[in-house]
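Me: Hi! Could you walk me through this one? I'd like to talk about a residue in a loop to begin with.

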Amino acid sequence: MDHKHFSHLHNLTIHHPYELGKQVVCSGCHFPCDNTTTAVHACHQCNFFLHDHCANAGRYVKHPSHKLHPLILLPYPTYAGSTFICNACGRPGKSFSYCCALCEFDLHVGCAMLPVSVVSEHHEHELGLYYGVQVVPRRGSNTEQEYCNICNKVLEGRNWAYCCQSCDFNVHTSCATTEVVPGLYQDDLSQCGAVDGQGQPADGGGGGGNAVEVELTEAELEKLMFDLKLQMLAQSMASLGKIG
Ligand SMILES: [Zn+2]
Ligand SMILES: [Zn+2]
Ligand SMILES: [Zn+2]
Ligand SMILES: [Zn+2]
Ligand SMILES: [Zn+2]
Ligand SMILES: [Zn+2]
């Protein structure tokens, strides 16, 4: 069954990963489509592949980490250099992002779908997702450096972390899990409320990080896209100004 995805010129066909007979990398998130991938959406002539969750990622989400504005799914970054820095994991990305152009806030698709809590083999308690330094209690002064309890590398306060508050056990999101929760924050399924009643992880304000229902009309989405284009125009004018 063919279908069209907004990020690609040609129709995509859906396969099981083992049907492809080779290891392929998702063009949306640059992670491999391995055996844990439920389905792969493919354009063979272009060597273009998408995870099911990347292909089905909503055109916008209302993400609890950025409550000011909806995040728009962009097929490629609009910044100079064609990369974005993910506000969740701090790593660069060059394909799909959930972007608020007004705030220059960007998330990898996978980071936008991180579960609000995970169980890790490295810790006996469930770990909750925290959106950076403003919700993670810091020990002592802010000159004290946090380190990831799994890889022992620096844990940047501005990036997200999975934490067990009672044990002061804090780890990189990527060290804790590779899991994604498809459809998180783009519909009203409440299957993600596992951390209810355990303090204030993730969205910080009640609801325990449940999916936030997004009700945008087509007209409102148009308006958002228009604002985004204006913002992009302003950015390119500004960068032209710097060059000239
Ligand atoms: Zn992907
Ligand atoms: Zn193609
Ligand atoms: Zn990320
Ligand atoms: Zn914003
Ligand atoms: Zn780590
Ligand atoms: Zn613990």
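Me: Is His-30 buried, partly exposed or exposed?

Reply: His-30 counts as partly exposed, because 14 C-beta neighbours lie inside 10 Å. Bear in mind that this is a predicted model.

Me: Which loop does His-30 lie in?

Reply: The loop between strand 3 (24-25) and strand 4 (32-33). His-30 also has a positive phi of about 65 degrees, although it is not a glycine.

Me: Why point that out?

Reply: Because most residues other than glycine have a negative phi.

Me: What about Asn-152, buried or exposed?

Reply: Asn-152 is exposed: 9 other C-beta atoms are within 10 Å, and a residue with 12 or fewer is counted that way. Its phi is near 65 degrees, again a positive value in a residue other than glycine. You'll find Asn-152 in the loop between strand 14 and strand 15 (161-164).

Me: OK, on to sheets. In what order do strands 13, 14, 15 and 16 come?

Reply: The order is 13-14-15-16, and these 4 strands form an open sheet with antiparallel pairing. Strand 13 (117-118) and strand 16 (169-172) are the edges; each has a single partner strand, so one side of each is left without a neighbour in the sheet.

Me: How many bridges link strand 13 and strand 14?

Reply: There are 2 bridges, in the antiparallel sense, and strand 14 covers residues 127-130. Ser-117 has Gly-128 in strand 14 as its bridge partner.

Me: Switching to the N-terminal strands: what does strand 5 pair with?

Reply: Strand 5 (residues 40-43) is joined to strand 2 (residues 11-15) by 3 bridges, running antiparallel. Within that pairing, the bridge partner of Thr-13 is Ala-42. Strand 5 is also joined to strand 6 (residues 48-51), by 4 bridges and again antiparallel. There, Cys-43 stands opposite Phe-48.

Me: And how many residues sit between strand 5 and strand 6?

Reply: The two form a hairpin with 4 residues between them. One residue to look at in the turn is Asn-47, which has a positive phi of about 55 degrees.

Me: Last topic, confidence. What's the average pLDDT?

Reply: The chain averages 81, and 76% of the residues score at least 70. Over residues 188-201 the pLDDT is below 50, and that stretch has 35 contacts in the model beyond near neighbours in sequence. Residues 203-213 are also below 50, with 27 such contacts.

Me: Great, thanks!

Conventions. Residues numbered from 1 in each chain as written. Chains lettered and ligands numbered in written order. Predicted model: local features only at pLDDT ≥ 70, side-chain atom pairs only at ≥ 80, totals over all residues. Pairing = 2+ DSSP bridges. Buried ≥ 20, exposed ≤ 12 C-beta atoms within 10 Å, placed from the backbone. pLDDT = per-residue confidence, 0-100. Contact = placed C-beta atoms within 7 Å.
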